[in-house]
Amino acid sequence: MRFDVDYISFFVIQVDGEDGTPGKRSKHYVTMDGDDYASCELSGFLDGEFAKTAKRKAERHAKADQVPTKIGRFTVEPGYDLDSNPNYNLFARLRAVETLEHFKGHADELVTTYMDASAIRGGAMFIVRARLSQYSDEPFLFVFKCDFEQKIARITDERSLLNKVEMAINAKNMKSIMYPFMPEPGMTELWELKIHQSSHARYFEDFLKYVEYEKSVPELMNEQVFGFVQQYVEEVFEDQPEAKERELEAMELWACSEQRELQEKWDQVQVMEATSVMVEQKPDLEMKLKLGHMSVRALLADFGDRLHIAKLGDRYVVVLEGDLQFDRGISPVELLAPEPLESLMERLKRKAAEEEREGIYA
């Protein structure tokens with residue numbers, strides 16, 4: 001997958017006293033056409049990044065809340081077209097220019113807009129228009145940002161030994177924007193773009209104020225489960241407005257907490273009905289739980305089928321059903337001849353009874 005560069009603008013961003021001057025500033029270094037770019041050192045630094053950015057996978061509904069690569073969609077008011085979105089217009093102008101000077105002007109406008117984002121760091125910024133000529137003549141816009149590296153030094157001569165390299169950059173943690181989004185080679189989505197940034201950074205999301213992103217799978221699950229909860233509360237406390245309000249507040253606190261305990265509110269049938277709706281929509285939904293110091297990771301679809309939760313006294317019992325395999329590292333457990341489940345349950349009951357008696361007489 002080879003991209004041919006039409007134009008590229010190179011800027012340096014300095015932030016909060018990096019050169020002894022407070023505030024943040026941008027400086028334009030050079031704008032080149034494709035011929036000049038091909039013969040300069042920048043081509044060796046950036047050439048591999050075009051294909052890497054294009055091939056980088058992104059899910060519309062990420063499996064985690066914080067992911068580095070996202071698909072964004074330009075937002076418009078109902079009844080309005082794409083050209084009513086300021087972020088889209090900024091990219092569209094860069095894709096449509098026909099002269100080097102016009103590209104430089106619009107690239108400078110993009111960098112100036114980026115400078116208004118909060119918590120940006122100093123570094124190098126490249127604005128590039130390129131084409132994937134093997135598929136079509138449609139231009140793509142790439143925005144690359146490299147943060148400055150700290151404490152970079154090089155060996156010089158035998159007297160000074162080390163010399164600090166100012167404004168050192170590399171492509172290791174490069175952030176990027178690609179527009180339009182290319183779901184498959186040769187296919188483009190003009191309403192969408194792809195961003196890549198470290199999971200804790202939000203520079204591009206802050207910069208692209210008129211772009212929205214699909215909710216992650218955990219967010220969708222939380223919304224759907226809380227919808228089930230609200231429906232349940234409405235039915236159970238239909239004629240008790242004060243009790244209903246208290247229950248909803250308690251459930252909101254439960255839904256927002258990081259570590260949650262079993263609520264013991266619904267029976268097996270109610271839980272199975274709710275999980276079946278979610279599994280039908282997304283069969284690979286995951287479920288994670290902890291039992292003491294032990295962790296269990298399964299599919300939501302396993303609950304009630306291969307994964308069962310029961311109570312024994314004041315403790316919980318999780319029963320897992322399936323073929324058994326061990327990871328690396330041999331242990332004596334692998335030599336076990338398992339006892340029947342009925343025998344295990346009797347032993348657990350005796351253990352629970354003994355612990356209860358010890359608690360009473362302690």
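**Note on aromatic contacts, a cavity and one exposed lysine**

1. Phe3 and Phe140 are both buried. The model in which they sit is a predicted one. The two rings are edge-to-face, because their planes stand at 90 degrees, with the ring centres 5.8 Å apart. This contact joins distant parts of the chain: Phe3 belongs to the segment before strand S1 (4-15), Phe140 belongs to strand S5 (residues 139-147), and 137 residues separate them.

2. A second pair consists of Phe74 and Tyr88. Their ring centres are 5.7 Å apart and the planes make 75 degrees; an angle over 60 counts as edge-to-face, so this pair is edge-to-face. It too links distant parts of the chain, with Phe74 in strand S3 (residues 69-74) and Tyr88 in helix H3 (residues 86-96), 14 residues apart.

3. Are Phe74 and Tyr88 buried or exposed? The cut-off for buried is under 20% relative accessible area. Phe74 has 2% relative accessibility and therefore counts as buried. Tyr88 has a relative accessible area of 17%, so Tyr88 is buried.

4. On the aromatic contacts in general, the structure holds 18 aromatic pairs. One aromatic cluster is formed by Phe3, Phe50, Phe140, Phe142 and Phe144. The edge-to-face pair of point 1, Phe3 and Phe140, thus has both its members in this cluster.

5. Two lysines are placed over tyrosine rings. The charged end of Lys27 is over the ring of Tyr29, at 4.9 Å from the ring centre. Lys70 lies over the face of Tyr213, and here the distance to the ring centre is 5.6 Å.

6. How many cavities of 30 Å³ or more does the structure hold? There is 1. The volume of the largest cavity is about 30 Å³.

7. The lining of the largest cavity is made up of Leu132, Tyr135, Ser136, Glu138, Phe140, Met182, Gly186, Met187 and Thr188. By class, these residues divide into 5 nonpolar, 3 polar and 1 charged. Phe140 is among the lining residues, and Phe140 is also part of the aromatic cluster of point 4.

8. Lys172 is in the loop between strand S7 (162-164) and strand S8 (175-179). Exposed means over 50% relative accessible area; Lys172 has 71% relative accessibility and so counts as exposed. Between the C-alpha atoms of Lys172 and Pro241 there are 57 Å, and the two residues are 69 residues apart along the chain.

Notes
Residues numbered from 1 in each chain as written. Predicted model: local features only at pLDDT ≥ 70, side-chain atom pairs only at ≥ 80, totals over all residues. Heavy atoms only, no water. Phe/Tyr/Trp six-rings, centres within 6.5 Å; stacked < 30°, edge-to-face > 60°. Helix = DSSP H or I, 4+ residues; strand = E, 2+ residues; numbered from the N terminus. Buried < 20%, exposed > 50% of the residue type's maximum accessible area, 1.4 Å probe, protein only. Lys NZ or Arg CZ within 6 Å of the ring centre and 35° of its normal. 1 Å grid on protein atoms, 1.4 Å probe; cavity = no way out; pocket = protein on both sides within 12 Å on 5 of 7 lines; lining within 4 Å. Points joined across faces, edges and corners; volume = space filled by probe spheres on them. Nonpolar A, V, L, I, M, F, W, Y, C, P; charged D, E, K, R; others polar.
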